[in-house]
Amino acid sequence: MTIKIQALSGADEKGKLNTEWLLLVNEGDRPFNALGCSITVSKGSGSRPRVVTTFKAGLIVQPKEVVRLVTGSSGRSSHGAAPEEEGVRNFHLYLKAPYLERSKLVVRLMNRQQEICRTSYDPEKPDAPESDSQEPAQD
């Protein structure tokens, strides 16, 4: 199973949490269940990561599916409108604050202690993350 963070985008303006998102792609041939997985951020590859959110249930990425993980809430107009794109499903994280605020952040998808994938975030290049490693997840 190969999971990849394809793109990242920070919030366009303060308080508009639905404009902050990351694209998660399942390039494998089996569904990926994110139960127990976490999104973490750190200042660099050597820094201790901070957990942004942990998935309790509900996020299953089908083979070849692209899912946009949107920071804000779908029910709050103050968070702005989430981007809509054909072939991309939006999944809201319901976070209260943005997490892509600094440059040179390392964003990871973790399953407990195992890193599934990671990328670097640079606000100057929001749609072109630098892939540090793409480790296939083991079930």
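Which residues of the largest nonpolar core touch the most other members? In this predicted model, the residues in question are L22, I39, F55, L69, Y99, V107 and L109, within a core of 27 residues. Several strands contribute to this core: β1, β2 (21-26), β4 (37-42), β7, β9 (105-111) and β10 (114-121) each provide at least two of its residues. A second core, separate from the largest one, comprises eight residues, among them A7, W21, L23 and V66.

Strands β1, β2, β7 and β8 are arranged, in that order, as an open sheet with mixed pairing. The edges are occupied by β1 (3-9) and β8 (88-92); each has a single partner strand, so one side of each lacks a neighbour in the sheet. On average, and with direction ignored, neighbouring strands of this sheet are turned by 25° against each other.

The pairing of β7 with β8 can be described further. Strand β7, spanning residues 66-70, runs parallel to β8 and is joined to it by five bridges. Within this pair, L69 is placed opposite F91 of β8. When residues up to four places away in sequence are not counted, the contacts of L69 are E20, W21, L22, L24, I39, F55, L59, F91 and L93.

A polar residue was also examined in strand β2, namely N26. With a relative accessible area of 0%, N26 is buried, because burial requires a value under 20%. The side chain of N26 has a polar atom 3.0 Å from the backbone oxygen of V61, and the N26 side chain also reaches the backbone oxygen of Q62, at 3.5 Å.

Notes: Residues are numbered from 1 along each chain as its sequence is written. This is a predicted model: local features need pLDDT of at least 70, side-chain atom pairs count only at pLDDT 80 or more; totals for chains, interfaces and linings use all residues. Side-chain values use heavy atoms; hydrogens and water are left out. Two strands pair if DSSP finds at least two bridges between them. Helices (H or I, at least four residues) and strands (E, at least two) are DSSP runs, numbered from the N terminus. Axes are lines fitted to C-alpha atoms, for helices over the stretch in contact, and angles run from 0 to 180 degrees between N-to-C directions. A nonpolar core is a set of buried Ala, Val, Leu, Ile, Met, Phe, Trp, Tyr and Cys residues joined through side-chain atoms within 4.5 Å. Buried means under 20% relative accessible area, exposed over 50%, partly exposed in between (1.4 Å probe, protein chains only). Contact means heavy atoms within 4.5 Å. A polar contact is a pair of N or O atoms within 3.5 Å; within protein, one must be able to donate a hydrogen and the other to accept it, and residues adjacent in sequence count only if both atoms are side-chain atoms.
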